[in-house]
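Open the model in your viewer and keep the selection panel at hand. The stops below go from strand to strand and then to a helix.

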Amino acid sequence: RAKAGQNTLFGMGNPLLDICAVVDKDFLDKYGLKPNDQILAEEKHKEMFEEIVKKFKVEYHAGGATQNSVKVAQWMIQEPHKVATFFGCIGKDMFGKILKEKAEEAHVDAHYYEQSEEPTGTCAACITGDNRSLVANLAAANCYKKEKHLDLEENWKLVEKAHVYYIAGFFLTVSLESILKVAKHASENNKIFCLNLSAPFICEFFKEALMKVMPYVDILFGNETEAAAFAQERGFETEDIEEIAKKAQSLPKENKKRQRIVVFTQGKEGTVMTKGDKVETFPVLEIDQSEIVDTTGAGDAFVGGFLSQLVQDKTFEQCIHAGHYSANVIIRHAGCTFPEKPDFH
């Protein structure tokens, strides 16, 4: 089988420290949170970060959607180390130090842009039952600068080494110019560029940025909620997920050598993938409700599993199979954490 070389998978995004806690409905209501959502922190959420730590038992996990995905990909691959590269911005502080240590433990080749204006970003994962409401305070993550980091020769060399690129839609709020530079490089060199819709708010409020990147997207990921939001914003006039996938597939594309593939997960329902002019549905692995610890990171883990096979030139069916496996593992653990080794065949 094709062994993935070092730095063949490149990810760039918001490195965040997740602050995870099981909370109650009153807490969600107090801060106007939906049980299952992802939003950016506003003024009204500032105290929430202090209250969650005081009031509930919290766990800290290295997070950030893209960083989660490349870690899971690296975990699935195991050897060699540093198949995955990650770029993002952190602060010069305790939380930043933790993120660096965690990336190292996960054998990801993380190159952070470190600055002292803003502290390292955090994300409150407010868990109720098998729902999770995520509130991200980007802080340092929002300070990533193309000319201060991506453009530096030693960093750009790492971008050029990669064959597969993955960026979560969340990064569209931070540095569109960085995403476009990477996306164009992939497209011009017939490499694979993957993007995740990430959240309804990205489809709604950052749609111009999203559509600037779309022509370079070879693989588009999203879940059922994001697919619906995207369809609504694009005026697709359908709520059928297979139809949405087809329409997203046929949006204009720069590199004509690769037909776009669209992959939409639907929680415990099957995963939908476009294949040529067909759309196929792949059932997820069965799991007992009682075995689900929390679903934080399930989508990120799915993408990580998918990418782990993609960099090894496996079929798209095998990629989905691996995505389902890693998501199934992650929902049995708190946050986006996993056992020492995968048991994937």
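Which residue stands opposite Phe221 in β11? Select Asn196 to find the answer: Asn196 is the residue opposite Phe221. Keep in mind throughout that this is a predicted model.

Next, widen the selection to the two strands. Strand β10 covers residues 192-196 and runs parallel to β11, with 3 bridges joining them.

Now select β11 alone, residues 219-223. This strand is mostly covered, with 5 of its 5 residues buried. Colour Ile219, Phe221 and Asn223 in one shade, as these point one way from the strand. Give Leu220 and Gly222 a second shade, since they point the other way. Residues pointing either way are buried.

Add strand β12, residues 261-266. β12 is parallel to β11, and 5 bridges join the two. To see one pairing, pick Gly222 and its bridge partner in β12, Phe264.

Move on to helix α11, residues 241-249. Which of its residues are buried? They are Ile241, Ile244, Ala245, Ala248 and Gln249. Turn the view to look down the axis of α11: the buried residues fall within an arc of 135°, so they line one face of the helix.

To see what covers these residues, show β11 and β12 again and add α10 (224-234) and β13 (269-275); the cover of the buried residues of α11 includes these four elements.

Last stop: Asp240, at the N-terminal end of α11. Asp240 caps that end, with a side-chain oxygen 2.8 Å from the backbone nitrogen of Glu242.

How values were computed: Residues are numbered from 1 along each chain as its sequence is written. This is a predicted model: local features need pLDDT of at least 70, side-chain atom pairs count only at pLDDT 80 or more; totals for chains, interfaces and linings use all residues. Side-chain values use heavy atoms; hydrogens and water are left out. Buried means under 20% relative accessible area, exposed over 50%, partly exposed in between (1.4 Å probe, protein chains only). Two strands pair if DSSP finds at least two bridges between them. The arc is that of the directions from the helix axis to the C-beta atoms. Contact means heavy atoms within 4.5 Å. A polar contact is a pair of N or O atoms within 3.5 Å; within protein, one must be able to donate a hydrogen and the other to accept it, and residues adjacent in sequence count only if both atoms are side-chain atoms.
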